[in-house]
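Here's a short tour of a protein structure, written for someone just getting started. Have a look at the picture first, then read on.

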2 protein chains.
Amino acid sequence: MWPDRRFLDLVKTEYPIVLAPMAGVMDTDLVIAVAQGGGLGSLPCAMLSAEKAREQVSIVRQRVSAPVCMNFFCHTPVEADASREAGWRRRLGAYYQEHGLDPAAPIDVANRAPFDAAMCTVVEELKPEVVSFHFGLPEPGLLKRVKATGAIVMGSATVVREAVWLEDHGADVIIAQGAEAGGHRGMFLTDRLAEQVGNLALVPQVVDAVDVPVIAAGGIADRRGVAAAFALGADAAQVGTAFLATAESAATDAHRTAIRTTSADEIVLTRAMSGRLARGARNRAVRAIEASGTIAPFPMQNWLTGRFRTAAGEQSLGALQSLWMGQAAPLVEYDTAAEVFAELAAGVSDAAPSDARIDENRNAGEEPAARG
Amino acid sequence: MWPDRRFLDLVKTEYPIVLAPMAGVMDTDLVIAVAQGGGLGSLPCAMLSAEKAREQVSIVRQRVSAPVCMNFFCHTPVEADASREAGWRRRLGAYYQEHGLDPAAPIDVANRAPFDAAMCTVVEELKPEVVSFHFGLPEPGLLKRVKATGAIVMGSATVVREAVWLEDHGADVIIAQGAEAGGHRGMFLTDRLAEQVGNLALVPQVVDAVDVPVIAAGGIADRRGVAAAFALGADAAQVGTAFLATAESAATDAHRTAIRTTSADEIVLTRAMSGRLARGARNRAVRAIEASGTIAPFPMQNWLTGRFRTAAGEQSLGALQSLWMGQAAPLVEYDTAAEVFAELAAGVSDAAPSDARIDENRNAGEEPAARG
């Protein structure tokens, strides 16, 4: 049905469609919907406690019999520094006050912990079919334990050398995250905005550089993007924003509305909300924090903005939330995850080669030197 | 043979492949090679005198019977300001001295003139089948004269609202220039780096926003990129860097070598060399000028750097040239324009739908509401 079955044979889903893990704006409903459609649902666990992660995987397992992907972060934890922290709090003070929050109140730093031994034990216990990591991979001892469970390990690359590094360090699948993608860039060997590569150029270069299957992520929201990803040589396509706009996500109404109304050129890469480059709508908070010129490192900035973001979210006030979305947001048009999935699945069929082209691909496979 | 014939029926080429106009690094040889292959060759005329433009079109006409595209710039000319200019010269002084050039010597500002009445007369005289503009369109009176010659007018858009503006102002074809593209961004309603959109997201949005044919430009260097462009809904694909690396271009050896050796994450958008955002290798000149923090407006910065760039070019010293290239440069592998053209043409065949899918497309056309 599709150009190649490498991803399908490895992960054993019916369709080469992956739901992007979107920490903080989704829970099990989207994972279940995508799994029911025949794709791979990724459960974002970076902001979950061990107990909560167990609970969510259990809910998914009860509802659907399909491979599940648990997603974790591998960032370097930030060092505590009381005086720097006080300065950062001061600069965000106006937003706290706008919501009647005490700028001096302690911040909950429990969430956004990097993948650690405790969470590794949860993986060993739950045995998800797939484990994906953002911001690199965990240290070799932990990765070995994850792989010993039989889980397929996936990692995100934003440049070719990150893809090569991930393959060299044990990733079984590479997620090529083009500059179009919403949310946090998975970058871990670079932190420069100028280095980020658009998917039309990134995907074929990653495909050429590694031997493992490649998932194209970023800029894909309808059948056209899926078909293009396969044309570029990807083995699967990952989609976030189009699912985030559906009833099954946990996005606020303001966030859902923003996805439907923000033009691509107002969907920018910024460090303002979390301290790491992430793509979202350039709302009032992003503009003001960027103009202030001082942003704390990740995840400190995320904790600091988190207090007013939570309050803004409860009031569905988009101006002060993290409105993460990719540059394909203006292509979004469906209200349910099932409709989005059907649209993406149509792209898989569109990419299916005719018989003649299957033969041509076979020939090309025998003569790799003839190909770009 | 391909998803739709709108570009072919309008421009009357055999293949929906367009050679990007690359001012300063190509002349008639590449135009002739692409026209001979069956594509549309774009002759960059922005840096040519009227006499030189006449001569080059004449050479092309003698060698090949095919549609020709003349390309011009429509930027706002920079106002002269002697004291600011003196400051800019001072900051670039070290590069002049490195080549034994007098920093105070007058600068040749004749080139990079915006399209004007004199050049419009040349167009009326030469009657190229296609005229393309970068940085917007000429003022209505001039555009009317160009269209009165029967020329098809093409304009470059980097965001959806530029595409809509171009169509509203008379463009017959839109070139969707994704962030991956090499050389100067055609942007004219925005000047912000953060607004630039990757082609996987840009092309389908432009296709949805305008009624005229759309050419995908940026990130395309082999058959995979061409097939992806068609999957995204484009009517044609434009390619620059892959042709720039061939024997038929006028690039320096240093430039050609840089295309073969620079990784995508070192191919950055910068204002350093010309004063406008353009994508090229982050060489010594780019790094140093960006670090200096002061860059003159386009095309002043281009004139100022031009003096040492010319000297560096004569010595094939890549460190001080404008090494324009797109993010697909690492995909480049052929040495002749004919080989590049054959590779791209294979992508057109790859994108050809099977009979079933042609029918499906027809049905989709009757029910536009069902589509992204």
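## A three-stranded sheet

Let's begin with a small sheet in chain A, keeping in mind that this is a predicted model. The sheet is open, has three strands in the order 7-11-10, and its pairing is antiparallel. Strand 7 (183-184) and strand 10 (267-270) of chain A sit at the edges with a single partner strand each, so one side of each has no neighbour in the sheet.

Now zoom in on one of those pairings. Strand 10 of chain A and strand 11 (residues 278-281) of chain A run antiparallel to each other, and four bridges link them. If you want a spot to click on, try Leu269(A), which stands opposite Arg279(A) in strand 11 of chain A.

## The whole chain

Stepping back, chain A has 16 helices and eleven strands. Its radius of gyration is 20 Å, while the globule rule gives 21 Å for 372 residues; the two are close, so chain A is as compact as a globular protein of that length. Its C-alpha atoms fill a box of roughly 65 × 45 × 40 Å along the principal axes.

How much of chain A is buried? Of its 372 residues, 59% are. As for contacts in chain A with a separation of 6 or more, 68% of them join residues that are 24 or more positions apart.

## Two domains

Chain A splits into domain 1 (6-75 + 112-250 + 333-363) and domain 2 (82-109 + 260-326). Going by C-alpha atoms, the centres of these two domains of chain A are 26 Å apart.

Where they touch, domain 1 of chain A puts in 16 residues and domain 2 of chain A puts in 14 residues. On the domain 1 side, strand 7 and helix 11 (241-244) of chain A supply at least two residues each. So what kinds of residues does domain 1 of chain A bring to this contact with domain 2 of chain A? Five are nonpolar, eight are polar and three are charged.

## Meeting chain B

Chain A also touches chain B, and the contact takes 45 residues from chain A and 44 residues from chain B. On the chain A side, the elements giving two or more residues are helix 9 (199-209), helix 10 (223-231), strand 10 and helix 15 (337-351). You've already met strand 10 of chain A at an edge of the sheet.

The residues on this side of chain A come out as 21 nonpolar, 14 polar and ten charged.

Note on methods. Residues numbered from 1 in each chain as written. Chains lettered and ligands numbered in written order. Predicted model: local features only at pLDDT ≥ 70, side-chain atom pairs only at ≥ 80, totals over all residues. Pairing = 2+ DSSP bridges. Rg over C-alpha atoms; globule rule 2.2 N^0.38 Å. Buried ≥ 20, exposed ≤ 12 C-beta atoms within 10 Å, placed from the backbone. Contact = placed C-beta atoms within 7 Å. Domains from an automatic or database assignment. Nonpolar A, V, L, I, M, F, W, Y, C, P; charged D, E, K, R; others polar.
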